[in-house]
Amino acid sequence: MIKRILLTSSFLLFITFVAKAQEEHHDEGHETTHKKHSIAIFLGHTHVSKGVRENDRKWLVLPSWGLDYNYHFNHKWALGLHNEMIVETFAVEDSGGETLERSRPFATTLVATYKLSEWLGAMFGGGGEFSKEENFGMFRMGLEAGIELPHNFELLFTTNYDVKIEAYDSWNLGMGIAKKF
């Protein structure tokens with residue numbers, strides 16, 4: 001538990017540092033051209049508080065990959081298709097107390113993003129999580145921080161909270177790289 005708190009605190013401290021650096025960067029008069037499209041790949045860890053291992057309820061931390069596409073209407077709003085795959089098979093306790101098996105579930109969501117600042121965006125949307133055992137509708141909300149890199153690349157840090165309807169909740173921490181075009 002202490003490890004998770006330290007990791008989360010470090011992540012938030014890093015984001016604060018990035019925000020200050022981004023503000024200073026934009027204050028120097030650097031102007032960037034608005035690109036309409038971006039595609040990103042993420043490496044993440046999905047956290048499930050109601051996981052089941054060896055008939056005991058356990059907090060699970062599961063590796064995941066993400067692939068996102070976004071269309072940017074302007075500097076504030078974007079609409080995207082965000083996809084994530086947990087690369088392990090696991091069991092979870094659903095909202096009714098039943099144990100569900102999940103074999104490498106794949107989630108896809110239609111997400112709107114609103115930029116709160118030059119470097120931070122809030123996301124919300126919905127979609128589904130699909131697995132050979134059972135499919136669930138879901139809602140997603142999250143935050144995404146970005147650091148602009150040369151050649152229209154961006155380093156991204158993201159955290160999402162997913163509510164799987166009548167199933168279970170999870171949250172994800174991820175890091176990725178995006179190409180704007």
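**Salt bridges, paired strands and a nonpolar core**

In this predicted model, Glu84, Arg140 and Asp162 are joined to one another in a network of salt bridges. Within that network, the closest nitrogen and oxygen atoms of arginine 140 and aspartate 162 are 2.7 Å apart, and the pair links distant parts of the chain, with arginine 140 placed in strand 8 and aspartate 162 in strand 9, 22 residues apart. Arginine 140 is buried, because its relative accessible area is 5% and the cut-off for a buried residue is under 20%. Aspartate 162 also counts as buried, with a relative accessibility of 3%.

The two strands that carry this pair are themselves partners. Strand 8, covering residues 136-149, and strand 9, covering residues 153-164, pair in the antiparallel sense over 12 bridges, and along this pairing alanine 145 stands opposite phenylalanine 157 of strand 9. The two form a hairpin with 3 residues between the strands, and in this hairpin histidine 151 takes a positive phi near 65°.

Strand 9 is also paired with strand 10, residues 169-180, which runs antiparallel to strand 9 and is joined to it by 11 bridges. Here threonine 158 stands opposite glycine 174 of strand 10. This second hairpin has 4 residues between its strands, and glutamate 166, in the turn, has a positive phi of about 55°. A salt bridge also connects these two strands: the closest nitrogen and oxygen atoms of lysine 180 and glutamate 154 are 3.6 Å apart. Lysine 180 lies in strand 10 and glutamate 154 in strand 9, so the pair ties together parts of the chain that are 26 residues apart in sequence. Lysine 180 is partly exposed, with a relative accessible area of 23%, whereas glutamate 154, at 9% relative accessibility, counts as buried.

The structure holds 7 salt bridges, and one of them brings together the side chains of glutamate 129 and arginine 102, with 2.7 Å from N to O. Glutamate 129 belongs to strand 7, residues 120-130, and arginine 102 to strand 5, residues 99-103, so this pair ties together parts that are 27 residues apart in sequence. Glutamate 129 is buried, with a relative accessible area of 3%, and arginine 102 is buried as well, with a relative accessible area of 1%.

From charged pairs we turn to nonpolar packing. The largest nonpolar core has 10 residues, namely Val48, Leu60, Leu62, Ile86, Phe90, Val92, Leu100, Phe136, Ala167 and Tyr168. Strand 2, residues 56-72, and strand 4, residues 89-93, each supply at least two residues of this core. For a view from one member, leucine 100 can be followed outward: leaving aside neighbours within four places in sequence, leucine 100 is in contact with Phe90, Ala91, Val92, Asp94, Glu134, Phe136 and Ala167.

Strand 2 also contains a polar residue, asparagine 70. Asparagine 70 is buried, with a relative accessible area of 8%, and the side chain of asparagine 70 is joined to that of histidine 82 by a polar contact of 3.0 Å. Not counting residues up to four places away in sequence, asparagine 70 touches Lys36, His37, Ser38, Leu79, Gly80 and His82.

Terms used:
Residues numbered from 1 in each chain as written. Predicted model: local features only at pLDDT ≥ 70, side-chain atom pairs only at ≥ 80, totals over all residues. Heavy atoms only, no water. Pairing = 2+ DSSP bridges. Core = buried A, V, L, I, M, F, W, Y, C linked by side-chain atoms within 4.5 Å. Buried < 20%, exposed > 50% of the residue type's maximum accessible area, 1.4 Å probe, protein only. Contact = heavy atoms within 4.5 Å. Polar contact = N/O pair within 3.5 Å; in protein donor to acceptor, adjacent residues only side chain to side chain. Salt bridge = Lys/Arg side-chain N within 4 Å of Asp/Glu carboxyl O.
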